Amino acid sequence: MINVYAFATPNSVRVPIALEELGLPYVLTAINVRKGEQKQPGYLAINPNGKVPVLVDSDGPGGKSLTLGESGAILIYLAEKTGKLLPMYGEARFRVLEQMFFHLTGIGPAMGQAGYFQKQAPEPQPSAQARFENEIVRVMQVLDGILAERTYVASDEFTIADIVHFGWMWRRSFADVDLQLYPNVQRWHDLIDGRPAVQKALDRVNALIPALA
Ligand SMILES: N[C@@H](CCC(=O)N[C@@H](CS)C(=O)NCC(=O)O)C(=O)O
């Protein structure tokens, strides 16, 4: 049995997408980060880092239960559990990891920080906002150049690196990112968004948001 603790967020959505793509059944439990549920003691006992997503696999390595945070680590775990979406050896494997690290240390943090300074900072911080907005343009241009050469981000095969990149592209409006400025990324985004497993995962995470009374 696989349990996923998540919300409708860019880092969370990767895990349901991977599980849908891999055809693994899972229970999805909402941790409402807008209400601070990720900082409650019960959840901190599952993830001391106080963030979503978390995956709990009762049938983990050696038949023991595994509790795992960090969306990138979770995707590698699921790929290796099933032998899919991550080549085992050679350059192809390291191109996937290269793209995952590029996103997780570059694009994702830039989008998160830009959105924070645009929309949530208690007072305007123009130089901080400009720093992260400029970084988004730089890394998005890098990604656009990569996608001019390849169908998917790591190769001409769909991999977990595409799932990692897709999370923030799905939630790009938080950082006011316009994909029309990056035509190769737009082409790739539409390809990923059109996958039935991706749509199923998006429906499931969107359903975690409580309806406004
Ligand atoms: N590096 C982590 C980042 C997780 C993360 O920042 N999750 C956000 C939602 S997208 C969160 O839990 N935010 C609530 C908070 O930071 O308190 C991952 O990839 O899983």
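I began with Lys39, where a side-chain N or O atom lies 3.1 Å from an oxygen atom of the ligand; I count N or O pairs within 3.5 Å as polar contacts. The model is predicted, so to speak of local features I need pLDDT of at least 70, and for side-chain atom pairs 80 or more, while totals for chains, interfaces and linings use all residues. I number residues from 1 along each chain as its sequence is written, and my side-chain values use heavy atoms, with hydrogens and water left out.

Next I looked up two further side chains. For Lys51, the distance from a side-chain N or O atom to a ligand oxygen is 2.6 Å. For Ser71, it is 2.7 Å. The protein covers 77% of the 510 Å² of accessible area that the ligand has on its own (Shrake-Rupley, 1.4 Å probe).

Then I listed the shell, taking residues with a heavy atom within 4 Å of the ligand. Among them are Thr9, Pro10, Asn11, Arg14, Gln38 and Glu70. By class, I get 3 nonpolar, 5 polar and 4 charged, with Gly counted as polar.

Last came the pocket. The ligand takes up the space of the largest pocket, by the test that more than half of its atoms lie within 2 Å of the grid points. I use a 1 Å grid over protein atoms alone and a 1.4 Å probe; a pocket is an open set with protein on both sides within 12 Å along at least five of seven lines, and lining residues have an atom within 4 Å of a point. Its volume is about 1100 Å³, the space filled by probe spheres set on the points. Of its 30 lining residues, Thr9, Pro10, Asn11, Lys51 and Trp168 lie nearest the centre.

Conventions:
Polar contact = N/O pair within 3.5 Å; in protein donor to acceptor, adjacent residues only side chain to side chain.
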